[in-house]
Amino acid sequence: QVQLVESGGGSVQAGGSLRLSCATSGLTGNADNIAWFRQVPGKEREGVAAIWTGPGSFPVYADSVKGRFTISQNDAKNMAFLQMNSLSPEDTAMYYCAAAGFLTVRRRLQRGSYPYWGQGTQVTVSS
């Protein structure tokens, strides 16, 4: 049974940083995609970043976060992280961790590609 548990959300002022964590269990550890999505009320859930747990990692990012956010994982491949720097109020959202098996590049930030989801952690950025 796949389980994903997010932590690390909170409130921060614009320009600040937060690090989100996603604890995973039940995955293979070497052939999965782990991604972060975010959603604000009334809007579609948006893919933010994804990482491959196999060799090479091959991280991908949404244009809106490139250069500010970094996705990573631990050596045991059972934790994924999202380091968020230079946060702005536009980054305010509920952030979700998601997992899937092999995905083509085009699908790695698409919500419909991911069958497994965490409960989310709230990030609030004030101006």
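**Exercise 1. Classify R38 and E46 by burial, then describe their contact.**

Step 1. R38 has a relative accessible area of 8%, so R38 is buried (under 20% relative accessible area; exposed is over 50%, partly exposed is in between; 1.4 Å probe, protein chains only).

Step 2. E46 comes out at 29%, so E46 is partly exposed.

Step 3. The two residues form a salt bridge (a side-chain nitrogen of Lys or Arg within 4 Å of a carboxyl oxygen of Asp or Glu). Their closest N and O atoms are 2.8 Å apart.

A note on the source: this is a predicted model, where local features need pLDDT of at least 70, side-chain atom pairs count only at pLDDT 80 or more, and totals for chains, interfaces and linings use all residues. Residues are numbered from 1 along each chain as its sequence is written, and side-chain values use heavy atoms, with hydrogens and water left out.

**Exercise 2. Find which parts of the chain the D91–R38 salt bridge ties together.**

Step 1. Check the distance: the closest N and O atoms of D91 and R38 are 2.9 Å apart.

Step 2. Locate both ends. D91 lies in the loop between strand 8 (79-84) and strand 9 (93-100), and R38 in strand 4 (residues 33-39), so the pair ties together parts 53 residues apart in sequence. Strands (E, at least two residues) are DSSP runs, numbered from the N terminus.

Step 3. Check burial: both D91 and R38 are buried.

**Exercise 3. Extend the picture to R68 and name the network.**

Step 1. D91 also forms a salt bridge with R68, at 2.8 Å between the closest N and O atoms.

Step 2. Shared partners join R38, E46, R68 and D91 into one network.

How values were computed: Helix = DSSP H or I, 4+ residues; strand = E, 2+ residues; numbered from the N terminus.
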